[in-house]
Amino acid sequence: MPSSPQQARIAVTRSVSPAMACCELTHLPRTPIDISLAREQHAAYERALESLGCHLERLPEAPALADSVFVEDTAIVLDEIAVVTRPGAPSRRAETDSVARLLGRYRPIAEIAAPATLDGGDVLRVNRTLYVGRSGRSNRCGIEGLAALVAPFGYRVEAIPVHGCLHLKSAVTLVAPETVLVNPEYIAPESLRGLEWIEVDPAEPLGANALPLGDEVIYPASKPRTAERLRRRGVQVRVVDVSELEKAEGAVTCCSLIFAGDGARES
Ligand code: CIR
């Protein structure tokens with residue numbers, strides 16, 4: 001295990017709110033959520049992050065903010081800068097202050113400002129390209145704002161329209177350096193040119209969200225057919241059960257912000 005937060009990969013997390021049953025839902029019907037099971041699953045997810053070399057930085061609990069476990073949506077952390085978002089769902093905007101305070105220990109902070117909206121779940125980094133979903137949560141102004149903030153550091157932003165799912169990373173995530181896991185129903189076939197595609201099993205439309213960490217990908221237990229496709233393509237899969245978080249329209253990328261810790265700054 002890495003010896004200090006400065007050397008480790010950092011994973012920012014926040015515990016499950018007792019109010020998660022009142023979460024935002026866009027494409028899923030509301031079904032009962034077992035909050036104590038959600039907390040156990042989240043703890044197991046955190047242990048998986050640690051066992052794959054992350055040092056956990058836990059944000060203060062935010063019991064009144066139903067979706068606050070889904071920290072991915074609140075920021076985009078690059079080596080050079082952290083961009084704190086303005087989430088598309090108004091109920092989620094109070095999540096970002098504590099995130100900005102924590103990330104300020106590691107990176108210079110920039111912010112997406114009104115009327116722009118941007119959710120971190122819409123941002124997929126592949127090398128120096130940020131693919132950004134034009135979704136129900138991230139508007140044109142948010143995408144242009146992000147592009148302006150990251151251009152000085154050599155990042156290119158490419159907008160990708162997303163249909164039928166919440167975020168770009170519901171449709172596509174990286175599972176190996178040049179390989180993405182994709183649901184082709186949610187994005188146009190010409191998207192992400194030059195990258196190799198692995199398609200989800202058609203019976204598992206929400207199976208495109210995987211979290212790569214080191215030589216493995218963290219992947220949900222609810223998508224066994226797609227997990228098998230990944231294994232057949234040589235991807236090492238670390239299965240976690242996140243059934244209760246999935247009922248809140250969450251998945252594995254959305255419960256953490258992961259970045260190199262060696263950009264730590266003096267407070
Ligand atoms: C929301 O609708 O905002 C939450 N219920 C779920 C957010 C999931 N975030 C993500 O996948 N990045």
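Author: Quick definition before we start: a polar contact here is a pair of N or O atoms within 3.5 Å. And keep in mind that this is a predicted model.

Reader: Okay, how far is a backbone N or O atom of E24 from a nitrogen atom of the ligand?

Author: E24 is listed among the closest residues to the ligand, along with D67, E72, R137 and A248. A polar contact needs a pair of N or O atoms within 3.5 Å. The backbone of E24 supplies one such atom and the ligand supplies a nitrogen, at a distance of 2.7 Å.

Reader: Which residue puts a side-chain N or O atom 2.9 Å from an oxygen atom of the ligand?

Author: Let's go through the side chains. D73 has a polar side-chain atom 2.8 Å from the ligand, but its partner there is a nitrogen atom. With an oxygen atom of the ligand as partner, at 2.9 Å, the side chain is that of R92.

Reader: And how much of the ligand's accessible area does the protein cover?

Author: On its own, the ligand has 340 Å² of accessible area. It sits in the second largest pocket. The share covered by the protein comes to 97%.

Reader: What's the make-up of the shell around the ligand, by class?

Author: The ligand has 14 residues around it. Sorted by class, four of them are nonpolar and three are polar. That leaves the charged class, with a count of seven.

Reader: Switching to cysteines, how many disulfides does a search of the whole structure find?

Author: A disulfide calls for two cysteine sulfur atoms within 2.5 Å. For C23, the nearest cysteine sulfur belongs to C22 and is 7.9 Å away. For C54, the nearest is that of C255, at 13 Å. Across the whole structure, the search finds zero.

Reader: Is C54 buried or exposed?

Author: The cut-off for buried is under 20% relative accessible area. C23 meets it with 2%. C54 has a value of 3%, so C54 counts as buried.

Note on methods
Residues numbered from 1 in each chain as written. Predicted model: local features only at pLDDT ≥ 70, side-chain atom pairs only at ≥ 80, totals over all residues. Heavy atoms only, no water. Near = heavy atom within 4 Å. Polar contact = N/O pair within 3.5 Å; in protein donor to acceptor, adjacent residues only side chain to side chain. Areas by Shrake-Rupley, 256 points an atom, 1.4 Å probe, with all protein chains shown as cover. 1 Å grid on protein atoms, 1.4 Å probe; cavity = no way out; pocket = protein on both sides within 12 Å on 5 of 7 lines; lining within 4 Å. Sits in = over half its atoms within 2 Å of the grid points. Nonpolar A, V, L, I, M, F, W, Y, C, P; charged D, E, K, R; others polar. Buried < 20%, exposed > 50% of the residue type's maximum accessible area, 1.4 Å probe, protein only.
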